[in-house]
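I opened my notebook today to look up a few things in a protein model. Come along and check each entry with me.

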Amino acid sequence: MKRRALCLAALMSSTLMVPVFAADVPEGTNLAQDQTFTYRVLDEFSSFDPQVVEDTYGSEIVRDLFEGLYNQDANGNNVPGVALSHEVSDDNMTYTFKLRKDAKWSDGKPVTAGDFVYAWQRAVDPELASPYAWYMELMSIANGAEIIAGEKPITDLGVSATDDHTLVVNLSQPLPYFDKMVSHATTFPSPKWAIDTHGAEWTRPGNLVSNGAYVLTEHVPKERSVREINTNYWNADDTVLEKVVTLVIGDDAQGLTRFRAGEVDKTDIPAGQYPALKDEFPQEAYALPRLCNYYFTFNLDSGPEAFKDVRVRQALAYAIDRNVIVDQVLQGGQFPAYTFTPAATANFEVPSVDYAGMTQAERDEKAKALLEEAGYGEGGKELSFSYLYNTNEAHQQVAIVATQMWKQKLGINVTLENQEWKVFLENRGAQNFEMARGAWCGDYNEASTFLDLLTTPSGYNDGKFANARLDELMVEAKSSQDTQPLYTEVEQILADEMPVIPIYHYSTNMMLNASIQGWPVDNVEQTWYSKDLFKVAAE
């Protein structure tokens with residue numbers, strides 16, 4: 001049996017002072033003969049292209065197929081991927097990454113610094129129109145914003161290869177957390193020759209050339225995908241899982257049934273069932289804090305005229321009893337949210353906003369008064385609107401409970417609309433909604449990954465909220481050594497203006513077969529890699 005043992009303990013620099021992580025198979029472990037991991041997801045993936053993928057499920061697969069400069073360990077710390085280390089210039093404006101020489105693409109070609117240059121230029125290229133181009137702008141790479149705006153050619157991007165194993169990145173301003181951002185899928189390398197040959201079909205099985213621990217061997221849209229060990233991966237000999245199967249099952253209850261039958265090793269827990277399942281499966285039911293938020297977003301661009309009145313937005317926010325949603329509906333360890341940024345975020349202290357300190361009865365009373373002041377409610381104009389969410393039982397239950405609260409407390413009528421994931425993303429991104437479900441899982445563990453979403457230029461500011469002071473604060477935070485006062489003021493602006501309604505902060509509620517070992521339960525981003533997992537034999 002193979003044992004995973006990364007012998008890279010000496011690979012550290014003054015800027016990456018952490019040991020390389022390896023979830024070693026403990027000595028004497030009886031590994032299963034069949035090293036296949038099968039898990040269930042809710043929706044079809046947005047893409048397998050690193051510069052195009054924009055959803056969590058798709059990113060999980062892309063992390064297996066491709067490898068970026070750094071990976072994350074079980075605690076969310078950076079560890080070497082293609083890059084072994086990096087150095088930072090004295091002015092913090094230049095990062096120089098040293099790449100490993102044994103990294104190869106699945107077709108045997110070496111992975112070079114030029115592959116990263118190509119991929120990063122591709123990510124900001126207006127012709128590709130990457131949904132994550134804004135992320136590259138947030139990274140403060142020199143000329144990134146101008147290229148995305150179409151003002152400069154992609155060759156002006158501040159990234160270069162001084163040789164095949166040295167990648168140099170020039171920034172437009174110092175960014176203290178820049179190195180945390182390069183484990184994100186958008187920054188992964190791409191194979192120019194495969195893209196040139198196959199065009200838009202380059203991500204299909206047989207066409208896709210990847211540099212991660214696995215290759216894509218099968219993909220049936222809306223049904224299943226299969227990835228198997230990439231024999232050219234630099235650490236293939238110490239990778240234990242041989243095959244990973246992802247099944248698209250659009251119903252949580254069906255996913256649980258398949259788990260009980262032993263057909264899937266991992267699935268989400270249906271809303272409200274965690275307590276009972278924890279009793280039934282104490283070693284397999286998990287509720288883990290996760291770096292994600294759940295919110296409702298107002299369409300402030302083309303939505304109802306009433307939404308342009310902050311009093312209406314505040315009334316709708318105050319009338320939501322978050323404790324009912326997390327304690328009685330979801331029951332999975334979620335946290336009521338009154339700020340946009342979760343408490344699990346590194347180096348972030350949740351500020352005290354006024355409405356969080358009220359009792360629910362006080363919030364309800366304030367909500368009625370605000371709505372009446374705005375001319376709605378009893379004796380005023382009727383308020384009604386539609387709420388859009390992607391198809392899922394838990395999303396539906398949250399929507400029903402929230403709209404019942406608005407109806408009973410404020411007399412507001414809400415029409416519910418649900419759409420499958422890709423259609424939902426398209427319509428929300430095009431502002432084809434009045435109010436819509438929103439959720440965000442941190443791309444890196446720093447508050448800006450959440451708060452930047454609500455800046456004016458953000459590509460995921462679907463409600464088109466604009467506040468000049470908030471924009472200024474977020475720009476200032478990028479180079480500040482003390483961000484907490486800035487983020488506190490941003491959260492206060494959001495509480496005052498209420499462009500979105502924070503509902504709860506996530507907990508990962510999942511069933512995981514006890515035979516699957518190595519899951520990063522302490523990583524609040526829940527960034528996992530199949531190469532770090534292994535399957536033990538049944539006792």
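These entries go through a helix, some charged pairs, a cysteine pair and a few single residues.

**Entry 1: before I start**

I remind myself that this is a predicted model.

**Entry 2: helix α2**

I began with helix α2, which covers residues 113–124 and has 12 residues. From its first C-alpha to its last I read 17 Å, close to the 16 Å expected at 1.5 Å a residue.

Next I asked myself: how many of the 12 residues of α2 are buried? I found that 11 of the 12 are, so α2 is largely enclosed by the rest of the structure. Among the buried ones I noted F116, Y118 and W120, and also the charged residues D115 and R122.

Then I looked up what covers the buried residues of α2. The cover includes the strands β5 (94–99), β6 (159–163) and β7 (166–170). It also includes the helices α3 (133–138), α4 (144–148) and α5 (192–198).

**Entry 3: salt bridges**

I looked up the count for the structure and wrote down 19 salt bridges. I picked some to look at one by one.

D102 pairs with R100, and their closest N and O atoms are 3.5 Å apart. The two partners sit in unlike surroundings: D102 is partly exposed, with a relative accessible area of 38%, while R100 is buried, at 3%.

My second pick joins D196 and K192, with 2.7 Å from N to O. Where do D196 and K192 lie? I found both in helix α5, four residues apart, about one turn of the helix. That spacing made sense once I recalled a rule: an α-helix has 3.6 residues a turn, so residues three or four places apart point the same way. D196 counts as exposed at 51% relative accessibility, and K192 is partly exposed at 43%.

My third pick is K409 with D364, which meet at 3.0 Å, N to O. This pair links distant parts of the chain, with K409 in helix α11 (residues 393–410) and D364 in helix α10 (residues 360–373), 45 residues apart. K409 is partly exposed, at 23% relative accessible area, and D364 is buried, at 16%.

I also noted a network of salt bridges that links R469, E472 and E489.

**Entry 4: the cysteine pair**

I searched the whole structure for disulfides and got one. Which residues form the disulfide? The partners are C292 and C441, with their sulfur atoms 2.0 Å apart. C292 lies in strand β12 (residues 285–298) and C441 in strand β16 (residues 435–441), so the pair ties together parts that are 149 residues apart in sequence. I read 105° about the S-S bond, which goes with a right-handed link. C292 is buried, at 1% relative accessibility, whereas C441 is partly exposed, with 21%.

**Entry 5: E67, buried and without a salt bridge**

I found E67 in the loop between α1 (56–65) and β2 (70–72). E67 is buried yet has no salt bridge. I asked why R100, the nearest side chain of opposite charge, does not count as a partner at 4.9 Å. The reason is the cut-off: a salt bridge needs the nitrogen and the carboxyl oxygen within 4 Å.

What does the side chain of E67 make a polar contact with? I found the side chain of W234, at 2.8 Å. Residues that E67 touches include F116, F188, Y233 and K531. F116 was already in my notes as one of the buried residues of α2.

**Entry 6: N78**

N78 is in strand β3 (residues 78–80). I noted N78 as buried, with a relative accessible area of 10%. Its side chain reaches the backbone oxygen of D179 at 2.9 Å.

**Entry 7: two positive phi angles**

I kept a rule in mind for this one: most residues other than glycine have a negative phi. N92 has a phi near 60°, a positive value. N92 is in the loop between β4 (83–88) and β5, and is partly exposed at 38%.

K222 has a positive phi too, near 65°. I found K222 in the loop between β8 (214–220) and β9 (224–229). At 58% relative accessibility, K222 counts as exposed.

How values were computed. Residues numbered from 1 in each chain as written. Predicted model: local features only at pLDDT ≥ 70, side-chain atom pairs only at ≥ 80, totals over all residues. Heavy atoms only, no water. Expected span 1.5 Å × (residues − 1). Buried < 20%, exposed > 50% of the residue type's maximum accessible area, 1.4 Å probe, protein only. Contact = heavy atoms within 4.5 Å. Disulfide = S-S within 2.5 Å. Lys, Arg positive; Asp, Glu negative; His and termini not counted. Polar contact = N/O pair within 3.5 Å; in protein donor to acceptor, adjacent residues only side chain to side chain.
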